Amino acid sequence: LNSSFSSVRALWPSMKDNLQRQKLAWQRLHGEPMPAAQARHTLMQMMELQTLYFEEESDSPVADPAFWARLAAAAGLSVSEESLASRLGPLEEDVTPLENDDAKHITEEFNEHGYTVVSTADAGVAEDLCAAVARGIDAVTAAGLPPVFVLVFDETWLLLSLQLRFLERSRVLGDSGVEIRPDINCWRLRRPLPADEAQEPAVERRPGDNFPERHRDLRYDQCHDPETDAVTALSVWVAVNPSGATAGNGAMRCVPIDRDPLFYCADHPDHMSTGETVRGEPDVLEAPAGHACMWVPSLVHFGGNMRPDTVEEPRMSVAATFRAVPRCGFNGDGVVGDPDADEGAGPPPVSKADLLRLPLNRRLAHAAKAVLAYSHWYPGLPGIDLCALSSV
């Protein structure tokens, strides 16, 4: 592994804390301590992920452009700044606002329920991109990588750009522009064994498996304007498998605002600890492939499990948090409640202009961040070896 000594030394406290959290999670999941060999494996993978996260040089195959060129060619996809820019050209132009009635309806959905399901692009365009992204997810997992490394392919960013364009046209986040927060992820559920009727998570949880815990993406004050209470960010989730998201194959679940007594209570000690405190019945957000499930990031939600008797294929989905481009701040240091204000190093938010020049190392940084952020849910990082990959 090629993390520099200074980087490893600087990051050691955070990696040590992360490893300890994974050891505790492993103990809870398996009923025994994490084996020493698994702990060494976990630490080595985290070191390499940190290298990618900070966009440093790496000898790992995952950082080799030739590796991705071969993988893309085999899947009929592309990995090229120039290709992505040429296919995104219209994104730099002014966007035409949605009809007032359409925009008003979407805003009312967010205000009343906290979520909506909407078509964000021409059906044919969305269908083609979803099929391409699904091929990309299959390609990266076959090569031995977590599904979120589909972010390397142009087609994934094209799909995300459709959501960005729609949000700008709808003006639901205001008129200051929209950008993608460095909070992007991807899931590829696995069909459970028929005997798994209790629908408990698999003993070996891998990155890309479902995340079924009730949670909020952000506090209320991190995604609402402090003066007007207007929504300033949205979580956007798109199923890319042919059957889309159904009740049986893992559709998103959201607890509507009126069933969540803590929705507005950002200062409540249980606002972000929602597992036992917000038990309201969730709505199931079924959606065709390419349709976007959007919710206010402070809404309680969780991924649905794949039922063993479901005829549809397991759900595959891509999600990101979109936010209004922060105006010059209320406090001189950024917008009050800005969730990115203290993020420090690592991949920055992605703007429309950034999409036109998105190098490989930046794409890898976003993928690495996603794995690191949820690594406590996949203790031991099973199924990952960033230095032993196959491109075909």
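A residue is called buried here when its relative accessible area is under 20%, and exposed when that area is over 50%, with partly exposed in between. In this predicted model, Phe211 has a relative accessibility of 13% and therefore counts as buried, and Trp377, at 9%, counts as buried too.

**Aromatic pairs**

A search of the whole structure finds eight aromatic pairs. One of them joins Phe211 and Trp377 in an edge-to-face arrangement, with 5.1 Å from centre to centre and 75° between the planes. Because Phe211 belongs to the loop between strand S2 (178-188) and strand S3 (233-239), while Trp377 belongs to the segment after helix H9 (360-373), the pair ties together parts that are 166 residues apart in sequence. The rings of Phe263 and Tyr264 are likewise described as edge-to-face, since their planes stand at 90° with the centres 4.9 Å apart. In that pair Phe263 is buried, with a relative accessible area of 2%, whereas Tyr264, at 52% relative accessibility, counts as exposed.

Two further aromatic features can be added. Arg205 lies over the face of Trp377, at 3.7 Å from the ring centre, and elsewhere Phe67, Trp68 and Phe153 form one aromatic cluster.

**Packing of H6 and H7**

Helix H6 (residues 123-142) packs against helix H7 (residues 154-170) at an angle of about 145°, the axes being 9 Å apart, and the crossing of these two helices is left-handed. From H6 the contact draws on Val125, Leu129, Cys130, Ala132 and Val133, and from H7 on Glu155, Thr156, Leu158, Leu159 and Leu162. By residue class, the contact of H6 with H7 divides into eight nonpolar residues, one polar and one charged.

**Positive phi in two loops**

Most residues other than glycine have a negative phi. Against that background, Glu55 has a positive phi of about 60° although it is not a glycine, and Arg171, also not a glycine, has a positive phi of about 60°. Their settings are set out below.

| Residue | Phi | Location | Relative accessible area |
|---|---|---|---|
| Glu55 | about 60° | loop between helix H2 (36-53) and helix H3 (65-75) | 24%, partly exposed |
| Arg171 | about 60° | loop between H7 and S2 | 37%, partly exposed |

Arg171 thus lies in the loop between H7 and S2, and H7 is also one of the two helices in the packing described above.

Definitions and conventions. Residues numbered from 1 in each chain as written. Predicted model: local features only at pLDDT ≥ 70, side-chain atom pairs only at ≥ 80, totals over all residues. Heavy atoms only, no water. Phe/Tyr/Trp six-rings, centres within 6.5 Å; stacked < 30°, edge-to-face > 60°. Helix = DSSP H or I, 4+ residues; strand = E, 2+ residues; numbered from the N terminus. Buried < 20%, exposed > 50% of the residue type's maximum accessible area, 1.4 Å probe, protein only. Lys NZ or Arg CZ within 6 Å of the ring centre and 35° of its normal. Axes fitted to C-alpha atoms, helices over the stretch in contact; angles between N-to-C directions. Left-handed = near helix turned anticlockwise from the far one by under 90°. Contact = heavy atoms within 4.5 Å. Nonpolar A, V, L, I, M, F, W, Y, C, P; charged D, E, K, R; others polar.
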